[in-house]
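Me: I am new to this structure. Please show me how to read a few of its features.

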Amino acid sequence: MATIDCSAASAPALVRPAVRDWMTPLELVVLGAIWGASFLFMRVAANDFGAVPLVEVRLALGSLVLLPFLWRARAQFPARLWPKLALIGAINSAIPFILFAWAAQRAPAGVGAIANAMTVLFTALVGFLFFGEKIGTRRATALVAGFAGVVVLASGKVAGASVGWAVVAGAAAAFLYGIGINLVRRHLTGLPPAAVAAATLGVSALLTLPFAAYAWPQAAIGLQSWLSAAMLGVLCTGIAFVMYYRLIARIGASRASTVTYLVPLFGVAWAWMLLDEPLTLTMGIAGALILGSVAMSQRAQK
């Protein structure tokens, strides 16, 4: 899951230490569990819906949950800003969501969750390649280790079937998240981040709508898939974004981003416990390489 970091919401707010001390770890764990579950819900619903219709439901429901934030800040979103919001929405929401849903049709949920962790590294790489940011030796080493993890993950098999293309799709989605996060930082700084999320999700839903209508399945969609799609949109997109921005306001963007380490762990755990998906050696090695590289990259920022 990509996150939006606008400077207006990045400064820690003054919160009573006693409250912050117990709330912050709890909210980080809950948020990691929710975002990890998004890969479970995609895995359950993607085959019945198809990738594009599922993403349309996710975008529409997520934007509706966040709509009050956009309405409250509507004066800060003039008409000239909406083409930019549409482009960023496509890059940071619609296309990567579709790629992850497509991958969920072809590989265990844990594979997508592990690939998603590359977002942090791709954000640094895009900043270096296109926006003149320094990368440093430590972060460059982290990138190499992370890419090695992707190669290991793509080389693996689950129940005798290759997951290579699903890993490629997940890595491509993480790369688009990296582009989107850099674009938000440079073009939408100062705007309320929850309102930005509502705007980009909403415009992405409109952009995706004709493709979703064309691809809508002819067969009836089961109740379990509808419930999974609803949870994906309302809980994993709308409510989770609100939680994330509350964390940013309380502890700052850098500390809040540590949720990145929890998402793949929960993604793999949920799939193993609830879908009986196997835990493979290549998933373990790849996860260790990618999460280790993310930890190294995060240390390099401090």
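Reply: Helices here are DSSP runs of H or I with at least four residues, numbered from the N terminus. The model is predicted, with local features needing pLDDT of at least 70 and side-chain atom pairs 80 or more, while totals for chains, interfaces and linings use all residues. Residues are numbered from 1 along each chain, and side-chain values use heavy atoms, without hydrogens or water.

Me: Which helices supply at least two residues each to the lining of the largest cavity?

Reply: Rolling a probe the size of a water molecule over the atoms shows where empty space is left. A cavity is a set of points on a 1 Å grid over the protein atoms alone where a 1.4 Å probe fits but cannot get out; lining residues have an atom within 4 Å of a point. Here H1 (17-49), H3 and H4 (109-116) each supply at least two lining residues. The lining includes Phe-39, Met-42, Phe-100 and Val-111. The structure has four cavities of 30 Å³ or more, and the largest holds about 60 Å³, counted as space filled by probe spheres set on the points.

Me: How many aromatic pairs are there?

Reply: A pair of aromatic rings is described by the distance of the centres and the angle of the planes. Rings of Phe, Tyr and Trp (its six-membered ring) pair if their centres lie within 6.5 Å, and planes over 60 degrees apart count as edge-to-face. There are 13 such pairs in the structure. Phe-49 and Trp-216 form an edge-to-face pair because their ring centres are 5.8 Å apart and their planes stand at 90 degrees. Phe-49 belongs to H1 and Trp-216 to the loop between H8 and H9 (223-251), so the pair ties together parts 167 residues apart in sequence.

Technical notes:
1 Å grid on protein atoms, 1.4 Å probe; cavity = no way out; pocket = protein on both sides within 12 Å on 5 of 7 lines; lining within 4 Å. Phe/Tyr/Trp six-rings, centres within 6.5 Å; stacked < 30°, edge-to-face > 60°.
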